[in-house]
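Student: Take one part of this model and give me a close look at it, please. I'd also like some context on the chains and how they meet.

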Amino acid sequence: MDYKALQSAVIEGDVEGATRESQRAIAADADPKDILNSGLIPGMEEVGRRYEESSYFLPEMLAAAQAMKAGLAELRPLLGEQDVEPVGRVALGTVQGDIHDIGKNLVGIMLEGAGFEIVDLGADVLPEAFVDAASDVQAIGLSALLTTTMPAMEQVIEVLKEAGVRDEVKVVVGGAPVTDSFAERIGADGYSPDASSAVRTVKELLGI
Amino acid sequence: MMGNKTMSRRERVLAALQHREPDRVPMHMTITVDAYKNLKAHMGIDVEEDLKVGRWTGVPIHPAVADAFGLDVIRLPNPLDKGKNKPALRDPEAAFIDEWHCQWYEVPRPGGGFYYEMKNPPLANATVDDLDDFPWPEPEEVAEGAEERFRETRENTDLAIMTKIGGAVFELATYMRGMQRWYTDLALNPEFAGALMAKIAEIQAQRDINALKVVGKSIDILRLSGEDMGTQEKPLISPKMFNDLVRPHLQKVWTTAKEALLAENPQGKIMLHSCGSVRPFIEDWIEMGLDALDPIQVSAKGMDTAELKESFGERLVFHGGVDTQQVLPFGTPEDVRQEVRKRIKDLAPGGGYILAPVHNVQGDVRPENLIAMRDAVEAFGTYPIDL
């Protein structure tokens, strides 16, 4: 089956089109896993590519995310029926003291668009909440915008160690003032400068 | 103070604004409450003042502190600001609510202190039709005492005066709608986005007109914003979207503000604040009549100070440039000294540069680093620049 129209609807941020094309594929008895893997995911990959090469910016990416979510909403019940597992589970949160969550949300969108399931812990998240989430996920993503909340990232890693679960999850950090060397210094497993490359980082760390 | 100074602080700033070389690179700074208290304690300054912590946890710097530290510019509070809360729509948990019905909350930081942030945007679920019914602020008159404060600062100090009056359009829409919703609107609901910006621009322009009539003669730099348009890596919106959708609304406010300012003070300049990687917009902004740009976020992609000076230095004044994401909070005093040296070397030749930290100085910046910044301006900033 050809999923070009579905891919285009995602890429163009055409919410109605993504719903319509997903419904059409389902009605034609396409495998929902195939609709996801050959329609929605390649669409979001193209969105990520366009964002990285700067032909897309935040509004186009958010519009595409809405289209992707509209398509996914059609597929979800069927994927559930077939027990289709996500490629991985990632918990995301903005660290304690920091409520700036757009970067974290973008990372969530791009991971979801790559077939991951997201456990969104929200903004201003206590370290303990990351520990609680650790048993259900393979990776944890920490975000901070303020220099004054960066130390809270290190604290999350400490608390994960104290709880004895640090080795069970990969920890990836990001946010405006965060750098590769900061990530290394606090003992994170990975760092990404933007949402699109965060998908690559998480996949590499999880061997996907 | 050291150095061979021949100009008053204001003369120094005016020369820089007019693209002439002053005696020394002028310096400015905005600061949050904890960093301000730490700096005052470090310098042993004991001025009695009622610290009114405002948006983003910033505080106005007392003229005596500005003078002792060596600032050349003082930012006075918005002359329209009456500090009043409008309880009608207010969540009791909010610390305060502004005139646009944006609610500000105290968000505690681990390790002490807090930061004022916005939550629960007032137009999160609004439609175009709802915009007519929203309790918009009246384009009000200046607050009591504002005229005196501006006049007295002009008469009793030799500091150049900066203030904001009407302020942002694009970024205010972000606050009122909520960030994710607003940026989705720009792509999927441009009709709403345009209607909201038109409404805000109309009010902001009228506020500028009203207040500039009263205090305009005392204002050297009118801050138009913040209109943050960059991320760490790239602009938030495409230059095409800026020109097609956003520019007409900003143009209305900028043109109105500049005309109203020049009518009162022919030497006055307008300055845009826009964080992040904004290099692709600068040519458009100059075309729109902008005189000065803040904060030159040097840690963002494409904000190379040598290249910016080369490309725009004859037409645009740069304000800012001292890194606040790495150097000021995490660097040593020597790192700060080298940072200041580089920015002066890149941006100061020929005038057109007012040195300042890129962002409101946060509580994690040691006073020693601010003193190092000030001392480096003294050490490297004397004209002619020879670095």
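**From the whole to one residue**

Tutor: Let's start wide: chain B has 14 helices and 12 strands (DSSP runs numbered from the N terminus, with H or I over at least four residues for a helix and E over at least two for a strand). Its radius of gyration, taken over C-alpha atoms, is 20 Å, close to the 21 Å of the globule rule (2.2 Å times the number of residues to the power 0.38) for 387 residues, so chain B is as compact as a globular protein of that length. The C-alpha trace of chain B spans about 60 × 45 × 45 Å along its principal axes.

A word on bookkeeping: residues are numbered from 1 along each chain as its sequence is written, while chains are lettered from A and ligands numbered from 1 in the order in which they are written. This is a predicted model, where local features need pLDDT of at least 70, side-chain atom pairs count only at pLDDT 80 or more, and totals for chains, interfaces and linings use all residues.

On confidence, chain B averages a pLDDT (the predictor's confidence in each residue, from 0 to 100) of 94, and 97% of its residues score at least 70. For the complex, the predictor gives an ipTM of 0.92 and a pTM of 0.93.

Inside chain B, 51% of the 387 residues are buried (20 or more other C-beta atoms within 10 Å of the residue's own, versus 12 or fewer for exposed and partly exposed in between, with C-beta atoms placed from the backbone). Take the contacts in chain B (C-beta atoms, placed from the backbone, within 7 Å) with a separation of 6 or more: 75% come from residues 24 or more positions apart.

Where the chains meet, chain B puts in 28 residues and chain A 26. On the chain B side, β5 (103-108), β6 (114-119) and α7 (179-188) each supply at least two residues, and α7(B) gives the most, with 7. By class, that side has 14 nonpolar, 8 polar and 6 charged residues (Ala, Val, Leu, Ile, Met, Phe, Trp, Tyr, Cys and Pro count as nonpolar, Asp, Glu, Lys and Arg as charged, and the others, Gly among them, as polar).

Chain A is divided into domain 1 (4-81) and domain 2 (89-206), with bounds from an automatic or database domain assignment. Their centres, taken over C-alpha atoms, are 25 Å apart. Across that boundary, 10 residues of domain 1 touch 8 of domain 2, and α3(A) brings the largest share of the domain 1 side, 7 residues.

Now the close-up. A198(A) sits in helix α9 (195-206) of chain A and counts as buried because 28 C-beta neighbours lie inside 10 Å. Beyond neighbours within four places in sequence, its contacts are V107(A), M110(A), L111(A), V172(A), G174(A) and S192(A). For G174(A), 24 residues away along the chain, the C-alpha separation is 8.5 Å.

M110(A) is worth following too: setting aside neighbours within four places, its partners include M44(A), G48(A), A195(A) and V199(A). It is also one of the residues touching the most other members of the largest nonpolar core, which has 184 residues (buried Ala, Val, Leu, Ile, Met, Phe, Trp, Tyr and Cys joined through C-beta atoms within 7 Å). Helix α8 (190-215) of chain B gives that core the most, 11 residues.

Definitions and conventions. Two residues are in contact if their C-beta atoms, placed from the backbone, lie within 7 Å.
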